[in-house]
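Colleague: Could you pick one part of this model and take me through it closely? I'd like to see how it connects to everything around it.

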Amino acid sequence: MGSNSSNARDLEVAPRLEQEFVRVRSGNEGVNREAMLLALLTRTFSTQAIVFFDTKAKAHRMMVLCGLCGIQGAELHGNLTQAQRLEALEQFRKGEVDILLATDLAARGLDISRVETVINFEMPNQIETYIHRIGRTARAGRGGRSCTLIDRKSTRLNSSHTVIS
């Protein structure tokens, strides 16, 4: 047999999770991608959203931009002390901030209830990372949404897995 079935694992997403993809056209990277995210955060996904970034620097930059635009957010990444991380999580849980700007540090192991939306600023390279990120919403039978900004080079994920929805 020529299949990868012996190496493949099935990955499941929550049945009530709506997945959306926003295509970022060539030449609209960088500042334009940031503007697209700000528009999504002010118009469509303005409460209880976690935004995932590939780097701490991008998460921090967007934190500054969100602040300048009047969006209440908190950062969650590896450059913060444990106390700062816990404070950011508590602010998000209590609804004191609307947006949590995070790296993959927050993708696994955290149980944050009432997350309405997960946004991927860029498509992760691995399907497992994508599944764990979007798994922060639509938990315990609730509905949820994910939105991923993708470009031409990020339309293929590295995986031998099957995604079941």
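**A close look at helix 4**

Modeller: Happy to! In this predicted model, helix 4 is largely enclosed by the rest of the structure, because 6 of its 8 residues are buried. The buried ones are Ile127, Glu128, Tyr130, Ile131, Arg133 and Ile134. Notice that Glu128 and Arg133 are on that list along with the isoleucines.

Let's take Tyr130 next. The structure contains 2 aromatic pairs, and Tyr130 belongs to one of them, stacked with Phe21 at 6.3 Å centre to centre and 25° between the planes. This contact brings together distant parts of the chain: Phe21 sits in strand 2 and Tyr130 in helix 4, 109 residues apart. The two partners differ in how much surface they show. Phe21 has 44% relative accessibility, so it counts as partly exposed, whereas Tyr130 is buried at 4%.

The other pair, Phe53 with Phe121, is tilted because the ring planes meet at 40°, with the centres 5.1 Å apart. Phe53 lies in the loop between strand 3 and helix 2, and Phe121 in the loop between strand 6 (117–120) and helix 4, so to speak two far-off stretches, 68 residues apart. Both rings are buried, Phe53 with a relative accessible area of 0% and Phe121 with 5%. Phe121 has a charged neighbour too: the charged end of Arg33 sits over its ring, 5.7 Å from the centre.

Now for the interior that helix 4 helps to build. In soluble globular proteins, nonpolar side chains tend to be buried together. Here the largest nonpolar core has 22 residues, and Ile50, Phe92, Leu100, Ile112 and Ile134 have the most contacts inside it. At least two residues each come from strand 3 (49–52), strand 4 (73–76), helix 3 (82–94), strand 5 (99–102) and helix 4 (127–134). Helix 4 gives the largest share, 4 residues. Ile50 shows how varied the neighbours can be: leaving out residues up to four places away in sequence, Ile50 touches Phe92, Leu100, Ala102, Ile112, Val115, Thr117, Val118, Ile119 and Arg136. Apart from this core lies another, of 19 residues, which includes Phe53, Ala59, Ile71 and Cys147.

Finally, here is the sheet, which holds the strand that carries Phe21. The sheet is open, with 6 strands in the order 2-7-6-3-5-4 and parallel pairing. Strand 2 (17–23) and strand 4 are the edges, each pairing on one side only. From one strand to the next, the twist averages 20°. Strand 2 is joined to strand 7 (residues 144–150) by 7 bridges, and the two run parallel; in one of these bridges, Glu18 has Arg145 of strand 7 as its partner. Helix 2 (residues 56–68) packs on the sheet, touching strand 4 and strand 5, with its direction at about 170° to that of strand 4. Helix 3 lies across strand 3, strand 4 and strand 5, at about 140° to strand 4.

To come back to where we began: helix 4 is largely enclosed, supplies the largest share of the 22-residue core, and reaches strand 2 through the stacked pair of Tyr130 and Phe21.

Key. Residues numbered from 1 in each chain as written. Predicted model: local features only at pLDDT ≥ 70, side-chain atom pairs only at ≥ 80, totals over all residues. Heavy atoms only, no water. Core = buried A, V, L, I, M, F, W, Y, C linked by side-chain atoms within 4.5 Å. Buried < 20%, exposed > 50% of the residue type's maximum accessible area, 1.4 Å probe, protein only. Contact = heavy atoms within 4.5 Å. Pairing = 2+ DSSP bridges. Axes fitted to C-alpha atoms, helices over the stretch in contact; angles between N-to-C directions. Phe/Tyr/Trp six-rings, centres within 6.5 Å; stacked < 30°, edge-to-face > 60°. Lys NZ or Arg CZ within 6 Å of the ring centre and 35° of its normal.
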